[in-house]
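Let's take a walk through the aromatic side of this one, with a stop at a couple of arginines along the way.

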Amino acid sequence: MLRAVPLITLAALCFAPSPLAAQRAVTATFPAAGMLRRGWIDTNRPAWGRLGPRPLATTVWYPADTPDIPDTLTMGPPGQPLFVAGVVARNASFANHAAHPLILLSHGTGGSALQLAWLGIALARRGYVVAAVDHHGNTAAEPAYDPRGFTLWWERAIDLSVVLDLLLADSTIGPRVDRNRIGAAGFSIGGYTVLALAGGRTRLVEFDAFCASAERDATCGAQAEMPDALNQMDLLMQSDSAVQRSMAHAGDQYRDDRIRAVVTLAPAVMRAVPAASLRSIVVPMLIIAGDSDEIAPALTNARHVAGLVPHARFRLFRAVGHYTFLSSCTARGRTILPDLCHDAPGVDRDAIHTRAAALIADFFDATLALPR
């Protein structure tokens, strides 16, 4: 989950032709990560509160040839970046004609696909096609937040399944994907999203009971990006038929059998998934968290899930907080956004990204291996 930030800071892109010194490749197989964007839509679901279908803006990273002039991907006002996400080759050609494994990415509350560029770029250079969607109503890549995007979490799992359909049908990307080697990874509420794709079913009454107990954590309350979201939802549940329909399907099964392995980074709202549902998950799972996470504490989220999902792999990073898994901050970002950019003394965010990306790449290499 991501604290409130002026929308322009996370949505705007600024490219510069200089290399990013802080980026360290993770056992790179390919010389560059290409990047392209798709303005996909879901014609079966409406956009929140306005006419038209649900938007599914998606960023795709992939193995590419070395560009003549690499682009440093930053976030923030042009010329005044707040985050540095990595080096990409925009709209470059794929490096070869092979079919690559595919990873779907799901960002945290109030964030954007680009906040996980550090992982998408590392996986692309390792040989993966990576697709990250901006979840409608819950992303700073849109002009405004929407309370429905903050509370109807299960809609995010549908986002990824629909994006997978669209990606496989895309004439440029689809032929480059090995349809038998597909995984998903998510950060914060994105961790919940990929858990749902793996078969975890939501039971809101259990989450309510947890939030009413002495165990409750910061995932129970309104989030700082949109403090009034819960109050607004009380009204919308009485008047908005789309909300009523979505709530009626909160506990549905959203497992996508095409997803063969999942990674959850600092997962949130994990107590909304009953223990019996977690025990029934058979998809290989890697769970990564920080022991200093106060937004989605490991004890009630990551560690809880690791103790219930059969054969789940769990890695706890010492002194790492929730926002360490966001893109690295510039000096200006550290001044303007201290909550998002502050890491504990001795914690090198770039080094944590490199370590996490290596763990994730190794996990997907093993679980999505070609059959012998």
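**Rings and their arginine neighbours**

Phe325 is a good place to start: in this predicted model, its relative accessible area is 0%, so Phe325 counts as buried. Phe317 is buried as well, again with a relative accessible area of 0%. The ring centres of these two sit 6.3 Å apart with the planes at 45 degrees, so Phe317 and Phe325 make a tilted pair. Phe317 also has a charged partner: Arg355 lies over the face of its ring, 4.0 Å from the ring centre.

Now zoom out a little. The structure holds 10 aromatic pairs. One of them is Tyr62 with Phe94, which is stacked, at 4.3 Å centre to centre and 20 degrees between the planes. Tyr62 belongs to strand 3 (residues 53-64), while Phe94 is in the loop between strand 5 (83-90) and strand 6 (100-106), so this pair ties together parts that are 32 residues apart in sequence. Tyr62 and Phe94 are both buried.

Elsewhere, the rings gather into a group: Trp153, Trp154, Tyr192, Phe207 and Phe210 form one aromatic cluster. Two members of that cluster, Phe207 and Phe210, turn up again among the contacts of Arg271. So what else does Arg271 touch, beyond its neighbours within four places in sequence? The rest of the list is Glu206, Glu215, Thr300 and His304. With Glu215, the side chain of Arg271 makes a polar contact of 3.3 Å. Arg271 itself is in the loop between strand 9 (261-265) and helix 9 (275-279), and because its relative accessibility is 17%, under the 20% cut-off, it counts as buried.

Methods:
Residues are numbered from 1 along each chain as its sequence is written. This is a predicted model: local features need pLDDT of at least 70, side-chain atom pairs count only at pLDDT 80 or more; totals for chains, interfaces and linings use all residues. Side-chain values use heavy atoms; hydrogens and water are left out. Rings of Phe, Tyr and Trp (its six-membered ring) pair if their centres lie within 6.5 Å; planes under 30 degrees apart count as stacked, over 60 as edge-to-face and the rest as tilted. Helices (H or I, at least four residues) and strands (E, at least two) are DSSP runs, numbered from the N terminus. Buried means under 20% relative accessible area, exposed over 50%, partly exposed in between (1.4 Å probe, protein chains only). A charge sits over a ring if NZ of Lys or CZ of Arg is within 6 Å of the ring centre and within 35 degrees of the ring normal. A polar contact is a pair of N or O atoms within 3.5 Å; within protein, one must be able to donate a hydrogen and the other to accept it, and residues adjacent in sequence count only if both atoms are side-chain atoms. Contact means heavy atoms within 4.5 Å.
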